[in-house]
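User: I would like to learn how to read the features of a protein model. Could you guide me through one?

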Amino acid sequence: MNGLHLIADLHDCRCAPGLLLDAPGLETFCVAACTRHGLTVVGRLFHPFRDTTGNPAGVTGTVVLAESHLAVHTWPEVAGVTLDVYVCNFSGDNSARAQALFAEVIANFAPARLEKKEVACGRLHPAPGA
């Protein structure tokens, strides 16, 4: 239960417009970023949305990590992204890895405005007699 949850709303993203619509490209980037930062990918699912006329309309994606997850949701119509990174720190402190991943994903979307929160989750109590 001891972990770190990083949450962000990215506004007016200045990345290549196609990135907000490209589920396979976004999946490739997110999986590679997780791996670059020493996190263990155990699964992934990226789903492209379509508007009523069949045109691309955003992506929702999750990379499942042994340490927990990365989730990203894009809104190309407003150049927006929501980002969620959570890591468990039970068997080791993964906070620095999570922070580095979070920073890389944010930089990739190049938001003009950013709202972010950091939540320390749970605290392990020392074993009796420790």
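Analyst: We begin with how elements are named: helices and strands are DSSP runs, numbered from the N terminus, a helix having at least four residues and a strand at least two. The model before us is predicted. In it, A79 belongs to the loop that joins β4 (68–75) to β5 (80–88).

User: How many helices and strands does the chain have, and in what order do the elements run?

Analyst: The chain has 2 helices and 6 strands. Read from the N terminus, the order is β-α-β-β-β-β-α-β. Along the principal axes, the C-alpha atoms fill a box of roughly 65 × 30 × 25 Å. Of the 130 residues, 37% count as buried.

User: How should I read contacts with respect to sequence separation, and which residues does A79 contact?

Analyst: Contact means heavy atoms within 4.5 Å. In this chain, among contacts with a separation of 6 or more, 62% are made by residues 24 or more positions apart. For A79, once neighbours within four places in sequence are set aside, the contacts are L10, H11, D12, C13 and L20. By contrast, A79 and R44 are separated by 35 residues in sequence and by 23 Å between their C-alpha atoms.

User: Where is D84, and what does D84 touch?

Analyst: D84 sits in strand β5. Not counting residues up to four places away in sequence, D84 touches H5 and L6, and also H69, L70 and A71. The C-alpha atoms of D84 and V41 are 15 Å apart, with the two positions 43 residues apart in sequence.

User: Is D84 buried or partly exposed, and which of these classes applies to S95?

Analyst: The class follows from relative accessible area: under 20% is buried, over 50% is exposed, and values in between are partly exposed. D84 has 21%, so D84 is partly exposed. S95 has 19% and is therefore buried. S95 lies in helix α2, and its contacts, leaving aside neighbours within four places in sequence, are L4, V87 and N89.

User: How is the packing of two helices described?

Analyst: Two packed helices are described by the angle between their axes and the distance between the axes. Here the axes of α1 (residues 23–36) and α2 (residues 95–109) come within 9 Å and cross at roughly 150 degrees. That angle makes α1 roughly antiparallel to α2, because angles over 145 degrees fall in that class. The crossing of α1 past α2 is right-handed.

User: Which residues make the contact between α1 and α2, and what are their classes?

Analyst: From α1 the contact takes L26, F29, A33, C34 and R36, and from α2 it takes L101, E104, V105, N108 and F109. By class, this contact of α1 with α2 comprises 7 nonpolar, 1 polar and 2 charged residues.

User: C34 is a cysteine of that contact. How many disulfides are counted?

Analyst: The criterion is a pair of cysteine sulfur atoms within 2.5 Å, and the count comes to 0 disulfides. For C34, the closest cysteine sulfur is that of C30, at 6.6 Å, which is too far for a bond. For C15, the closest is in C13, at 5.4 Å, also too far for a bond.

User: Are C34 and C15 buried or exposed?

Analyst: C34 has a relative accessible area of 0%, so C34 is buried. C15 also counts as buried, because its relative accessibility is 13%.

Note on methods
Residues numbered from 1 in each chain as written. Predicted model: local features only at pLDDT ≥ 70, side-chain atom pairs only at ≥ 80, totals over all residues. Heavy atoms only, no water. Axes fitted to C-alpha atoms, helices over the stretch in contact; angles between N-to-C directions. Parallel < 35°, antiparallel > 145°, perpendicular 65-115°, else oblique. Left-handed = near helix turned anticlockwise from the far one by under 90°. Nonpolar A, V, L, I, M, F, W, Y, C, P; charged D, E, K, R; others polar. Buried < 20%, exposed > 50% of the residue type's maximum accessible area, 1.4 Å probe, protein only.
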